[in-house]
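Thanks for coming, everyone; I would like to take a few minutes to walk through one model, going from the way its chains meet to a few individual residues. Please have the sequence and the structure open while I talk.

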Number of protein chains: 2
Amino acid sequence: MVGHISSTYDDELKSILRRISEMGGQAERIVARAVETLMRSDAEGAQAVVKEDKLLDAAQRELDEYAIRTIAKRQPMAQDLREIVGAIRISNDLERIGDLGKNIAKRVIAIHEHKQPVKLTRGLEHLSELALEQLKDVLDAYAVRDESRAERVRARDEEIDAMYTSIFRELLTYMMEDPRNITACTHLLFSAKNIERIGDHATNIAETIYYIKTGHQMELDRPKDDRTHAIVAPVKSD
Amino acid sequence: MVGHISSTYDDELKSILRRISEMGGQAERIVARAVETLMRSDAEGAQAVVKEDKLLDAAQRELDEYAIRTIAKRQPMAQDLREIVGAIRISNDLERIGDLGKNIAKRVIAIHEHKQPVKLTRGLEHLSELALEQLKDVLDAYAVRDESRAERVRARDEEIDAMYTSIFRELLTYMMEDPRNITACTHLLFSAKNIERIGDHATNIAETIYYIKTGHQMELDRPKDDRTHAIVAPVKSD
């Protein structure tokens, strides 16, 4: 290694942040492609998504090890320590986002021969657009350490939850209308749930950004869950 | 504080480990009670589960802050650092396990008036017994830092996945047999998925124990996912 100790430490921090930004890009691609393959019933594309997720898993493990080695070697304090602990948390969320995308892709591989009616998948496409926007926003907020932007991302998670709840209701209705829809709709229900969870992980990342910047945790008790628990008897749509 | 620096540090480490063990007990109770309330359609009990999960959330946030303060203050190396980083990870998994239990309880609150036929919930009860066994085993392995026991927990996750897959298939069949089962079975499907995820978190904890003890990560590429992706047309059960 070239340079005196403090510049090497800077290099290590920068390397951690660069890895997070790369992992963020990977996670976005995995989710975007997974949903595309679902829309197009594209099993081959879905296989590629599963492969890309393996790379993201490996990246997360590498980042984890690197970050812990850096803590041991440099013994950082205050914001530097929060940066590294924050990076470990964020990489964990990104890895989970990749997994959720991969799970959608795996369903595509299983059910691609049963082409979904566009009517059934359109809601899911909108939901994933919202989730990807949240993910992009929170990664941008991380890049510039903008904690108010992070707070806005967290506040917007409610929109995803609301849309997910309406998709849940809609899919139940299709199942009741025609039992031949049951298998496809069940897989779509789980895919929608995966996308809703991606929104939750974007929210976690927002909370971590706030923590890195301020040293405090955001307040508890924000609305985090889906509300489909409360759906008992969906209304027939026609 | 009484005592010289190193004994205080020991106290801090012990305090972290004691908190984890308490959180483990809370997580077990939340899951066990959530499933009980599901079996008995007990909305009041389910409310208590939701409350207990809030306590677990708060405990996790406290542990996180305490652990990071300890790293900053004590600048631990090697296994001590792994202990503390490991505790942060495990508390995160326990918090998620609590959430998954709470989600089941919330479904009970919503659908308790529609009593589930025992036939539908029996599989779920068995699944949750398996998951709780895994959770108990992995917490015991943590208490004595037994990484081979942790490895066995990870290996057994396949049993949960296999049982979940068969419950998924069974519930789809009930839905097709009688559309009046669709709403209840959908909620049970998600509850089953939550329990399967609890198994995954027990596996994560097993991996963390291995890491704390050895300084290495377990190999990637173990079977981790459910295989319900592949279920296209379930066989009629009768």
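Let me begin with the interface, where 100% of the interface residues of chain B are also interface residues in chain A, so the copies meet through the same surface. Please keep in mind throughout that this is a predicted model, and that every value I quote is computed from it.

The superposition gives the relation between the copies: a turn of 180 degrees, with a shift of 0.0 Å along the axis, lays chain B on chain A with an RMSD of 0.0 Å. The two copies are therefore related as by a two-fold rotation axis.

Which residue of chain B comes closest to that rotation axis? The residue is B:Gln75, whose C-alpha lies at 2.8 Å from the axis. B:Gln75 sits in the loop between helix 2 (43–74) and helix 3 of chain B, and its phi is near 45 degrees, a positive value in a residue other than glycine. With a relative accessibility of 24%, B:Gln75 counts as partly exposed.

A little further along, B:Ala78 belongs to helix 3 of chain B, and for this residue, too, phi is near 45 degrees, which is a positive value in a residue other than glycine. B:Ala78 is partly exposed, its relative accessible area being 49%.

B:Ala78 also brings us to the second largest pocket, since it is one of the lining residues. From chain A the lining takes A:Glu65, A:Ile68, A:Arg69 and A:Ala72, and from chain B it takes B:Met77, B:Ala78, B:Leu81, B:Arg82, B:Tyr211 and B:Gly215. The elements that give two or more residues to this lining are helix 2 (43–74) of chain A and helix 3 (78–111) of chain B, and the largest share, four residues, comes from helix 2 of chain A. As for volume, the second largest pocket has about 190 Å³, and its lining residues divide into six nonpolar, one polar and three charged.

Let me turn to two residues of chain A. A:Thr186, in helix 6 of chain A, has a relative accessibility of 0% and so counts as buried. Where do its contacts lie, once neighbours within four places in sequence are left aside? A:Thr186 is in contact with A:Met175 and, across in chain B, with B:Phe168, B:Leu172, B:Met175 and B:Leu189.

The other residue is A:Tyr174, placed in helix 5 (residues 147–177) of chain A, and it is buried as well, with a relative accessible area of 6%. Not counting residues up to four places away in sequence, A:Tyr174 touches A:Lys119, A:Leu120, A:Asn181 and A:Cys185. Of these, A:Lys119 is 55 residues apart from A:Tyr174 along the chain, and their C-alpha atoms are separated by 9.8 Å.

Finally, a word on confidence. The mean pLDDT of chain A is 88, with 88% of its residues reaching 70 or more. Among the elements of chain A, the lowest mean pLDDT, 91, belongs to helix 1 (residues 5–40), and the highest, 95, to helix 6 (residues 182–214). Over residues 233–238 of chain A, by contrast, the pLDDT is below 50, although this stretch has 11 contacts in the model beyond near neighbours in sequence.

Notes: Residues numbered from 1 in each chain as written. Chains lettered and ligands numbered in written order. Predicted model: local features only at pLDDT ≥ 70, side-chain atom pairs only at ≥ 80, totals over all residues. Heavy atoms only, no water. 1 Å grid on protein atoms, 1.4 Å probe; cavity = no way out; pocket = protein on both sides within 12 Å on 5 of 7 lines; lining within 4 Å. Points joined across faces, edges and corners; volume = space filled by probe spheres on them. Nonpolar A, V, L, I, M, F, W, Y, C, P; charged D, E, K, R; others polar. pLDDT = per-residue confidence, 0-100. Contact = heavy atoms within 4.5 Å. Buried < 20%, exposed > 50% of the residue type's maximum accessible area, 1.4 Å probe, protein only. Least-squares fit on C-alpha atoms with pLDDT ≥ 70 in both.
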